[in-house]
Amino acid sequence: MAELPPLRDVIARHGLSASKALGQNFLFDAQLLDRIAAIPGDLSGQAVLEIGPGPGGLTRALLKAGARVTAIEMDARCLPALAELEQAYPGQINVIEGDAMKFDHGAIMQGEPFHVVANLPYNVGTALFVKWLGGEQWPPQWQSLTLMFQQEVAQRIVAPAGGSAYGRLAVLAQWRSTAKLAIKVHRSAFTPPPKVMSAIVHVTPDDAPEGVSPRVLERLTEAAFGQRRKMLRQSLKGMPGALQAMAEVGIDETRRAETLSVAEFVSVAKLLS
């Protein structure tokens with residue numbers, strides 16, 4: 001195992017500070033980082049995609065766990081610090097500079113199954129998550145997602161039907177996957193401390209219900225929860241066939257979106273697909 005200088009020293013040497021514009025918050029707690037890297041299970045020899053590694057705190061934990069890491073980083077200031085990891089772990093890490101939203105992640109991982117482990121930048125976290133969940137190909141190429149979110153977003157992902165946290169993210173995360181809240185992370189663990197608490201969500205793919213288009217389900221949940229206080233007959237009237245599909249599966253159009261279970265959304269999407 002490579003002997004590396006403390007992360008704080010690396011950051012000081014390269015004059016790095018967390019960029020607010022990029023939604024960065026650095027984690028220094030090595031024990032916590034090791035716990036995060038352990039969530040997906042044994043990563044020895046496994047391919048891992050990391051988004052927004054920054055100076056490489058979580059990257060170190062992943063490399064130490066034996067993972068083969070592909071890291072996408074758009075902040076050029078962090079590249080010299082990551083280059084030190086490439087020297088310390090030759091052949092075990094590949095750093096790509098750019099915007100993770102613009103890459104085909106499956107192609108970057110060369111068609112190999114992979115785990116995603118990331119302390120996601122707050123400003124793109126949800127968009128990336130929806131992108132991973134929404135693929136037509138299922139089971140997906142990714143074997144698990146272990147992702148840091150603001151705690152409020154994490155709770156929306158794992159929320160059961162009926163509560164105020166339940167919404168589009170919960171349906172998209174749960175209709176063909178299992179989503180669990182793995183670790184809560186106190187704001188004081190970060191530098192600088194964000195204003196909110198954070199949490200790690202762990203998602204693994206399940207069997208997908210047959211005959212359901214992910215795009216249709218995305219459009220349906222977007223319309224239904226876009227006006228969540230209104231009855232479904234109001235929020236879904238702009239989506240052709242939605243109200244008829246609801247009637248066919250026996251869902252009362254005076255209900256509100258948050259009262260529909262994931263299975264009920266799926267049954268409507270199936271008819272619309």
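The internal cavities of a predicted model are described here, with the residues and helices that line them. A search that covered the whole structure returned two cavities of 30 Å³ or more, and these are treated in turn below.

For the largest cavity, the computed volume is about 50 Å³. Its lining is made up of Val-130, Leu-133, Gly-134, Leu-172, Trp-175, Arg-176, Pro-214, Leu-217 and Glu-218. Two or more of these lining residues come from each of helix H6 (125-133) and helix H9 (214-226), and H9 is the element that gives the most, with three residues. When the lining of the largest cavity is divided by class, six residues are nonpolar, one is polar and two are charged; because Gly is counted as polar and both Arg and Glu as charged, the polar member is Gly-134 and the charged members are Arg-176 and Glu-218.

The second largest cavity has a computed volume of about 30 Å³, and the residues that line this cavity are Leu-4, Pro-5, Val-10, Pro-55, Arg-60, Ala-81, Glu-84 and Leu-85. Here the element that gives the most to the lining is helix H4, which spans residues 79-88 and provides three residues. By class, the lining of the second largest cavity holds six nonpolar and two charged residues, with no polar residue present; since Arg and Glu are counted as charged, the charged pair consists of Arg-60 and Glu-84.

Terms used. Residues numbered from 1 in each chain as written. Predicted model: local features only at pLDDT ≥ 70, side-chain atom pairs only at ≥ 80, totals over all residues. Heavy atoms only, no water. 1 Å grid on protein atoms, 1.4 Å probe; cavity = no way out; pocket = protein on both sides within 12 Å on 5 of 7 lines; lining within 4 Å. Points joined across faces, edges and corners; volume = space filled by probe spheres on them. Helix = DSSP H or I, 4+ residues; strand = E, 2+ residues; numbered from the N terminus.
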